[in-house]
Amino acid sequence: PVGRACGVVTADGSELRARAVVLTTGTFLRGVVHVGRESRPAGRFVSTSEAVEPPSTGLAATLGRLALPLDRLKTGTPPRL
């Protein structure tokens, strides 16, 4: 139906149909990691590694095209040393 979510398409192109879809984007939606004076798109660092998980940029772009509001809540997470 038009104007209604009826499933999701995953990053690998798989389609999952559903009667309802609940988005719980967490901190990965347009996520950015700050290290010192450097910032880069990322979800989070993988433990014991310099690798990072990717942010949800595709989902953010799709939600923006649908004119849905995108905003960020202040998490209050302090800088880590």
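Here are four short exercises, each with a worked solution, on the predicted model shown above.

**Exercise 1: Confidence**

Find the mean pLDDT of the chain, and decide which elements have the lowest and the highest mean values.

*Solution.* Start with the whole chain: the average pLDDT is 81, and 86% of the residues score at least 70. Next, go through the elements. Strand β5 (residues 44-45) has the lowest mean, 78, while strand β2 (residues 15-17) has the highest, 95.

**Exercise 2: Ala60 and its surroundings**

Locate Ala60, work out whether it is buried or exposed, and list its contacts outside the nearby sequence.

*Solution.* Step one is the location: Ala60 sits in helix α1, which covers residues 57-65. Step two is accessibility. The cut-off for "buried" is under 20% relative accessible area. Ala60 has 5% relative accessibility, so Ala60 counts as buried. Step three is contacts: leaving out residues up to four places away in sequence, Ala60 touches Leu29, Arg30 and Leu70. You can also look at Phe28, which is 32 residues from Ala60 along the chain. The C-alpha atoms of these two residues are 9.5 Å apart.

**Exercise 3: Positive phi angles**

For Arg30 and Ala67, give the phi angle, the location and the exposure class.

*Solution.* Take Arg30 to begin with. Its phi is near 55 degrees, a positive value in a residue other than glycine. Arg30 belongs to the loop between β2 and β3. With 41% relative accessibility, Arg30 counts as partly exposed, because that class lies between 20% and 50%.

Now turn to Ala67. This residue is not a glycine either, yet its phi is positive, at about 60 degrees. Ala67 lies in the segment after α1. Its relative accessibility is 66%, so Ala67 counts as exposed; the cut-off for that class is over 50%.

**Exercise 4: A hairpin and a surface patch**

Describe how β3 and β4 are paired, then find the nonpolar patch that includes Leu16.

*Solution.* Begin with the strands: β3 and β4 (residues 38-41) run antiparallel and are joined by four bridges. One bridge pair to look for is His34 with Ser39, the latter in β4. Two residues lie between the strands of this hairpin, where Gly36 takes a positive phi near 60 degrees.

For the patch, colour Val8, Leu16, Val21, Leu23 and Leu59: together they make a nonpolar surface patch of about 370 Å². Leu16 has its place in strand β2. At 48% relative accessibility, Leu16 counts as partly exposed.

Conventions:
Residues numbered from 1 in each chain as written. Predicted model: local features only at pLDDT ≥ 70, side-chain atom pairs only at ≥ 80, totals over all residues. Heavy atoms only, no water. Buried < 20%, exposed > 50% of the residue type's maximum accessible area, 1.4 Å probe, protein only. Contact = heavy atoms within 4.5 Å. pLDDT = per-residue confidence, 0-100. Pairing = 2+ DSSP bridges. Patch = residues over 30% accessible without salt bridge, like charges linked within 9 Å, V, L, I, M, F, W, Y side chains within 5 Å. Areas by Shrake-Rupley, 256 points an atom, 1.4 Å probe, with all protein chains shown as cover. Salt bridge = Lys/Arg side-chain N within 4 Å of Asp/Glu carboxyl O.
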